[in-house]
Amino acid sequence: MFRKSFYLGSLAVAILATDVASAQEVNLYTTREPGLIQPLLDAFTEKTGIEVNSIFVRDGLAERVAAEGQRSPADVLMTVDFGRLIDLVEQGLTQPTESTVLNAAVPANLRGENGHWFALSMRARVVYADKDLDIDSITYEELADERWRNAFCIRSGQHPYNTAMIGAHLAHHGEAATEAWLSGLKANLGRAATGGDRDVARDIMGGLCEIGVGNSYYVGLMRSGRGGPDQERWGAAIKIILPTFEGGGTHVNISGAAVARYSPNHAEAVRLLEYLVSDAAQKLYAEANFEYPVKQGAPIDPIIAALGRLHVDGASLNDVARHRDTASQLVDRVGFDQ
Amino acid sequence: MIRTGGRGPWRIVAAGTALAVLAPIAALVVTAASGSEDLWRDLIAFVLPVAARNTLVLLTGVGLLTALLGTGAAWLVAAHEFPGRRVFDWALLLPLAVPTYIVAYVYLDVLHPVGPVQGVIRALIGVDSPRDFRLPDIRSMIGCILLLSAVLYPYVYLTTRAMFMMQSANLIDVARTLGHGRRRIFFRVALPLARPAIAVGISLVLLETLNDIGAAEFLGVRTLTVSVYTTWITRSNLPGAAQLALAMLCVVVCVMALERWARRRRRYANDAQHPRPLQRETLRGSRGVLAAVACGLPVFVGFIVPAWYLIDATIARVRFAGVPPSLLGEVLNTVMLSAVATLVAVAAALAVVYAVRTGPEFLPRLFLRIASLGYAVPGTVLAIGLLPIITGIEAAVDTVATALLGVSTGLFLLGSGAAVIYAYVARFLAISAGSIEAGFSRVSPSMDAAARTLGATVGRVLWQVHLPMLKPALATGALLVFVDCMKELPATLLLRPLGFETLATHLYGEAIRGTYEDAAIAALLIVLAGILPVVVLTRVGARAGPAREAEAADGISTLSG
């Protein structure tokens, strides 16, 4: 009896909810941390009057949207890693979007065929080094040198940021060389491959390692003091080098979004995407999140601009994504996380 | 003559509950079957040997350490008098309130080379740079074992202390009159008697350890659970992850069977009709101080340090930016979801256990076992298994409603939070069932028979005879379920409605962004809520003496049953 009335109650709530939902709105499913995306969403609502309902799902975003199927309220799907974005496309959870605004703002190599996905911001995978170290350039390949034995720190090899970087190495050098490279990195680890990118800075300050790999925007988050005084100290303890692949450039990853296959608020979904690549939003991406804008000519935050000029690596996002399974297998094979 | 009528409805509810818990696991089996075996070659070659070894080392380490801490503390508190004993009696339970992922984070910060502890040490020995002197990194197997043990030992303490207080008195007095010394009595009499209780406590500790993803991953220990997770996420291989998860579930079921086997002698222990409190030996001077230190250390490590850290971080955050405006709504969401889930879990557990009580045949017993299975499935895995079940129900209802009423019900389970409640109930039903089972076992079956011969229906017997006596067991079970719901993260994250945050999801969102101070308030509230059952358990104990306290402990001890 209890169960029955409980379900009836939920039913009533659901029906009530559908009635109220007649105002203009758009539903966003995101793997992006809510605190990072909220300023952009607030600005969008203020500008357009469209309410954004968002749900932050770390793992299982694709599974949830797939299970919801045609009834899914999802309008826009947003991820912070290209691999996960392309997963959504490959599972048929996105729909093509034709928008001159989007096509004009986002360079062709940063959007999918037929508008199945769009990059919104970029981040570089850079080297954090002890500020007293006497180096000012390095390649990703050189991180495996014996010189850094027990002095290298990085988060889990299985993290999407790292499988993407390893995927880029695969695209450049092939499987055998990448496995050897990973073995070298593994031998260099100054501590277990775990934690986050910011821990690399803290561990360099703590003397556990001299050099490590992390994303560019964390540098801005730490050095701006926005993460509190402790993190500001970590950010000050390191210097940043934009590493390159031999014969290539710096590895970048994207945050991006797509219109969901069964989007019930299609027009609003496209408007949200268009807003996110507008000058105003791209400026917010740079200022609030310290990311590289995708739109040509959009400003870069001074802290990030001070890291030096970014030469984006030539390996295409699609190539990198194609190699991510092999990358993950290699991580296991060399026991990187063990 | 006793009529056997009136049992049907209980059995139907019991069967329905078992089915509801089994459904997500069945969905996992289907998912697993859709995958190939390709994955396994690689896994067996490179991942499983290490992951299995890590898991084994972790389980062994945590098992041994919690056994030592839990049993040692219980013996000190139960059989001795020393400074602070009354406080330690309940304070030793406090670490239960601290989730494993929080303790891991706190200690990484506190013990980091640039953290306060090593800073003080360097200042004392006159070293400037962490490069010249630092302690071993906490991100290691040993660190993981120490931290998990520091918050999980109360399970062993709780079950074992009750056992020492309940059973040993008479036998120990006998041993004493025979001239045995204190130490000999402990090893020859008390410890063997308490073995089932210790086994129960340890098996709970092991299940919690197996379920943990947060702490192990954070500390860089690659366990089987973490492997399931990376297989799913990094390889985008859900069938592979399901295969691994099911293989693990088999292991867990074996652990549970082992625990039941260890508990098979409990009946003998429970039959003590007039438990007499143990005569406490007073420890004087340095021995008393030593006992106080031994009891104080686990409380300090497992509770005081994390709580102090969170309070400190919360004050810093509130000074800096005030209380986040969303917090009140998150507290309400958390309490509402947890409260409804607790009600459903207790009601369903009552039905399942009562179905066994009124007809202890094979089927009702099987229903009880199945209904308790969810506790053995890691939250992430259970949530993934639940997704197709929930959306399947939604689709069916929607189709019918659209056809008959012309109203679309859409995603009424995911959209209303009912999906999260389903997950909580499926996962934590075992806890309430354990409590209630233990409560029932203290009510003589002759009571039922007497009431039935007087013409009461099965339902009325429950309502008028059992429920009044079951109150403490129900309360204990409900509180433990409630707190576990509050702490639950992975299923909440995946199954909650749009724009809906709880304390745990708030905490997680901030923690992975690295804005830990913002997360501290949510973490502190979760820990404070976790203290509630500790307080209640203690009060129950204080009011009704060891027998009632043992009952409360029993409730916990049968969780895994």
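**Exercise 1. Determine how many helices and strands chain B has, and establish whether its radius of gyration agrees with that of a compact globule.**

Solution. Chain B has 21 helices and 2 strands; helices (H or I, at least four residues) and strands (E, at least two) are DSSP runs, numbered from the N terminus. The model is predicted: local features need pLDDT of at least 70, side-chain atom pairs count only at pLDDT 80 or more, and totals for chains, interfaces and linings use all residues. Residues are numbered from 1 along each chain as its sequence is written, and chains are lettered from A and ligands numbered from 1 in the order in which they are written.

Next, consider the overall dimensions. For 561 residues, a compact globule would have a radius of gyration near 24 Å, and the 25 Å of chain B agrees. This radius is taken over C-alpha atoms, and the globule rule is 2.2 Å times the number of residues to the power 0.38. Along the principal axes, the C-alpha atoms of chain B fill a box of roughly 80 × 60 × 50 Å.

Finally, 56% of the 561 residues of chain B count as buried, that is, with 20 or more other C-beta atoms, placed from the backbone, within 10 Å of their own.

**Exercise 2. Compare the end-to-end distance of helix α18 of chain B with that of a straight helix, and locate its bend.**

Solution. Helix α18 (residues 458-487) of chain B has 30 residues. A straight helix would reach 44 Å at 1.5 Å a residue, but the end C-alpha atoms are only 36 Å apart; the expected span is 1.5 Å times one less than the number of residues. α18(B) bends by about 60° at L467(B), the bend being the angle between axes fitted to the seven residues ending there and the seven starting there. A proline, P468(B), follows within four residues.

**Exercise 3. Describe the side of chain A that touches chain B.**

Solution. Begin with the counts: 56 residues of chain A are in contact with 55 residues of chain B, contact meaning that the C-beta atoms, placed from the backbone, lie within 7 Å. Elements that each supply at least two residues of this side of chain A include α1 (2-20), β2 (51-56) and α6 (160-188). The largest share, 9 residues, comes from α1(A).

By residue class, this side of chain A divides into 20 nonpolar, 21 polar and 15 charged residues. Here Ala, Val, Leu, Ile, Met, Phe, Trp, Tyr, Cys and Pro count as nonpolar, Asp, Glu, Lys and Arg as charged, and the others, Gly among them, as polar.

Terms used: A residue is buried if 20 or more other C-beta atoms lie within 10 Å of its own, exposed if 12 or fewer, and partly exposed in between; C-beta atoms are placed from the backbone. Two residues are in contact if their C-beta atoms, placed from the backbone, lie within 7 Å.
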